Amino acid sequence: MIKDRLAKLRELMSENNIDVYLVLTEDFHGSEYVGDYFKSREFISGFDGSAGSVVVTKTKAYLWTDGRYFIQAKNQLKDSGIELKKMGEDETILEFLEEKAKTKDSLTVAMDGRCISASLAEKISKINNIKIIEELDLVGEIWSDRPIFKSKPVWILDEKYCGVSALEKLENVKKETREDCLLVTSLDEIAWLLNLRGDDIAYTPVFYSYFLMDIKDEKNTLYISGDCIVGDVKKYLMNLKIEIKEYNEIFNDVKNIKDSSVRCSKHSLNFRLKKSFNKSNNLILDYTPIYKMKAIKNKVECDNMKKAHLMDGVSLIKFLYRLKAGEFKNVNEYRLGEILGEYKSANPTYVEESFEPIVGCDENGAIIHYSPKKEESKNIGDSQLVLIDAGSHYLEGTTDITRTISLGKVTEKMKHIYTAVLKGHLRLQNMVFKKGCSGTTLDGVAREALWKEGLDYNHGTGHGVGYLLSVHEGPNSIRFRVADEKISNIPFEKGMITSNEPGCYIEGEFGVRIENLILCEEENEGFLKFEPLTLVPYDKNLIDYEKLDETEKKMLKEYGELVVKSVGDKLESDELDWLKQEVSFN
């Protein structure tokens, strides 16, 4: 099937005199997760991970993806005719195109210019001998049953959850914007700014829109499908003095901006929209002030996130108690994820999952972002380990947790690796560090115990987490690889929420990952610390207690006491007895 689709695509490439066609994992806004209409890369390749780019030439095809998906991509690309390119190990797409361009007087590279960032497209256009065609959605031409692109109604997130009114946010952004205009194209930035949420993308409660702030003329415009503005939302936006226009009118309106300085969202401005601007303008592709503002949670948001994690923790403990007791031994991985979702969704302010659950038994746990299929998943009954990575959106905020759970006989190798991962996790969680430190400074703390064993993991240690928005947000992160110098080294600040998730993956055997969300807080003058938000015990059976030093034992004990103290009065007596036993090492 994939080979047939590639053949049809190449026929269209030939008709249009195209040498290379790009299919990226993006919508019109550079979103991490995309709606079904935008899953062109999955359609043409069969690879369904959340990140990847396909490059199709006249005779070959390639998929670039990152370390989270190497194993998954290798499996899903089998017999497709598509070669896997490993990001961080193989040549980049830009390097690939540069080499291809050297072999021709002119290399024609085409794509749907609405689904590629302006910054990437411009890098491609600067390669010698390359000609770009950005108006061709060739995958759309062969995708006969493509889902409809349709937006759903938006809703207001009450100020008791946001902590700051949209009016105040608009004023703060205006003060921080030194240009004549600010064009916001990132969906989570628009949702945060206006205290609105939507349902256009699975796992991310945002809505398709553009937002244009004309600072000079003091005019704000939201470009959105009129069908989305229902009920009190229209009155709400009118009170904010925001003009509402149809979604695609943005392309015409930016043509009418002239002789102005315009700041645009660096990674979410698509190429076609950038090309629509009048050339008299000075376009500044950079991060918007919103990018960092939404990363620093206010007191109300921090307090609410603690409530969200308390609800989440109680649900998970109830679930894990029954999982360990063998109540779910006859279900498969997919159904186990559904059962966990049922526990979480019983909470009154539950909204939805914050990403597709990762539930992998034994060797499937070594596939970093493995998501089980309903009809193909492994039964957990005979498994030794199951890795569960799941998150939820509540009105009080967003959660993301990973636990590796023992179900059967535990080997010394499993305990050895789990304990090394736990050491790094505990050390990072209890860090006290000087203000000015970034995630690149702290990353090695989580990896040291593994590095001493000659082991590592091929993903970042931590990512920022949004407030009822994207479960992955910047600028805060914990990683040693510098993807963007300006952002990768940004210092931590009080109010930032980040994941702490070291892991280790033995292909064909098992995977281990332990993840909590941690809140950055003041320690004392000039220093910061992390406070754990996640309230779920580690797996006692997998811990080689004697390999922990006294400091690590103290950290483990204090975390266990925190969990019991926080959730104890919300559990049944048998659940509480199990929890106390799980955190006791006396």
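## Close-up views of a predicted model

**View 1. Helix α1 rests on a sheet of strands.** Helix α1 (residues 2-15) lies across β1, β2 (53-57), β3 (61-65) and β4. The direction of α1 makes about 60° with that of β2. Keep in mind, here and in each view that follows, that this is a predicted model. On the sheet you will also find helix α5 (residues 118-125), which touches β1 and β6. Helix α5 runs at about 145° to β6.

**View 2. Six strands make up the sheet beneath these helices.** In what order do the 6 strands of this open sheet come? Reading across, the order is β4-β3-β2-β1-β5-β6, and the pairing is mixed. At the edges stand β4 (82-86) and β6 (130-133); each has a single partner strand, so one side of each is left without a neighbour in the sheet. From one strand to the next, the twist averages 25°. Now look at strand β1 (residues 20-24) and strand β5 (residues 107-110): these two run parallel and are joined by 2 bridges. To find your place in this pair, look for tyrosine 21, which stands opposite alanine 110 in β5.

**View 3. Helix α9 is buried along its length.** How many residues of helix α9 (residues 187-194) are buried? The count is 8 of the 8, so α9 is largely enclosed by the rest of the structure. You can pick them out one by one: Leu187, Asp188, Glu189, Ile190, Ala191, Trp192, Leu193 and Leu194. The list of buried residues includes Asp188 and Glu189, and these two belong to the charged class. Just after the helix comes asparagine 195, whose phi is positive, near 55°.

**View 4. Strand β13 is covered on both faces.** A reminder helps with this view: in a regular strand the side chains alternate between the two faces of the sheet. In β13, one side carries Ser261, Arg263 and Ser265, while Val262 and Cys264 are on the other, and all of them are buried. With 5 of the 5 residues of strand β13 (residues 261-265) buried, the strand is therefore largely enclosed by the rest of the structure. Which strands are joined to β13 by bridges? One is strand β8 (residues 181-184), which runs parallel to β13 and is joined to it by 3 bridges. Here cysteine 181 stands opposite valine 262 in β13. Another is strand β14 (residues 282-286), also parallel to β13, with 5 bridges between the two. In that pair, look for cysteine 264 opposite leucine 285 in β14.

**View 5. Three antiparallel strands carry a helix.** This open sheet has 3 strands in the order β16-β17-β20, with antiparallel pairing. Its edge strands, β16 (358-361) and β20 (401-406), each pair on one side only. The twist from one strand to the next averages 10°. Between β16 and strand β17 (residues 385-390) there are 4 bridges, in the antiparallel sense. A useful landmark is valine 359, which stands opposite isoleucine 388 in β17. Helix α14 (residues 299-324) lies across β17 and β20, at about 15° to β20.

**View 6. Helices α16 and α17 pack against each other.** Two packed helices are described by the angle between their axes and the distance between the axes. For helix α16 (residues 412-429) and helix α17 (residues 439-451), the angle is about 155° and the axes are 7 Å apart. The pair α16 and α17 is therefore roughly antiparallel, and the crossing of α16 and α17 is right-handed. On the α16 side, the meeting residues are Ala420, Val421, Lys423, Gly424, Arg427 and Leu428, and on the α17 side they are Leu442, Val445, Ala446, Ala449 and Leu450. By class, this contact of α16 with α17 has 8 nonpolar, 1 polar and 2 charged residues.

**View 7. Helices α19 and α20 form another packed pair.** The axes of helix α19 (residues 550-567) and helix α20 (residues 573-582) cross at roughly 165° and come within 10 Å. That angle makes α19 roughly antiparallel to α20. What is the handedness of the crossing of α19 and α20? The crossing is left-handed. Val563, Val564 and Val567 of α19 make the contact with Leu576, Leu579 and Lys580 of α20. The residues of this contact of α19 with α20 divide into 5 nonpolar, no polar and 1 charged.

Notes:
Residues are numbered from 1 along each chain as its sequence is written. This is a predicted model: local features need pLDDT of at least 70, side-chain atom pairs count only at pLDDT 80 or more; totals for chains, interfaces and linings use all residues. Side-chain values use heavy atoms; hydrogens and water are left out. Axes are lines fitted to C-alpha atoms, for helices over the stretch in contact, and angles run from 0 to 180 degrees between N-to-C directions. Angles under 35 degrees count as roughly parallel, over 145 as roughly antiparallel, 65 to 115 as roughly perpendicular and the rest as oblique. A crossing is left-handed if the near helix is turned anticlockwise from the far one by less than a right angle, and right-handed if clockwise. Contact means heavy atoms within 4.5 Å. Two strands pair if DSSP finds at least two bridges between them. Buried means under 20% relative accessible area, exposed over 50%, partly exposed in between (1.4 Å probe, protein chains only).
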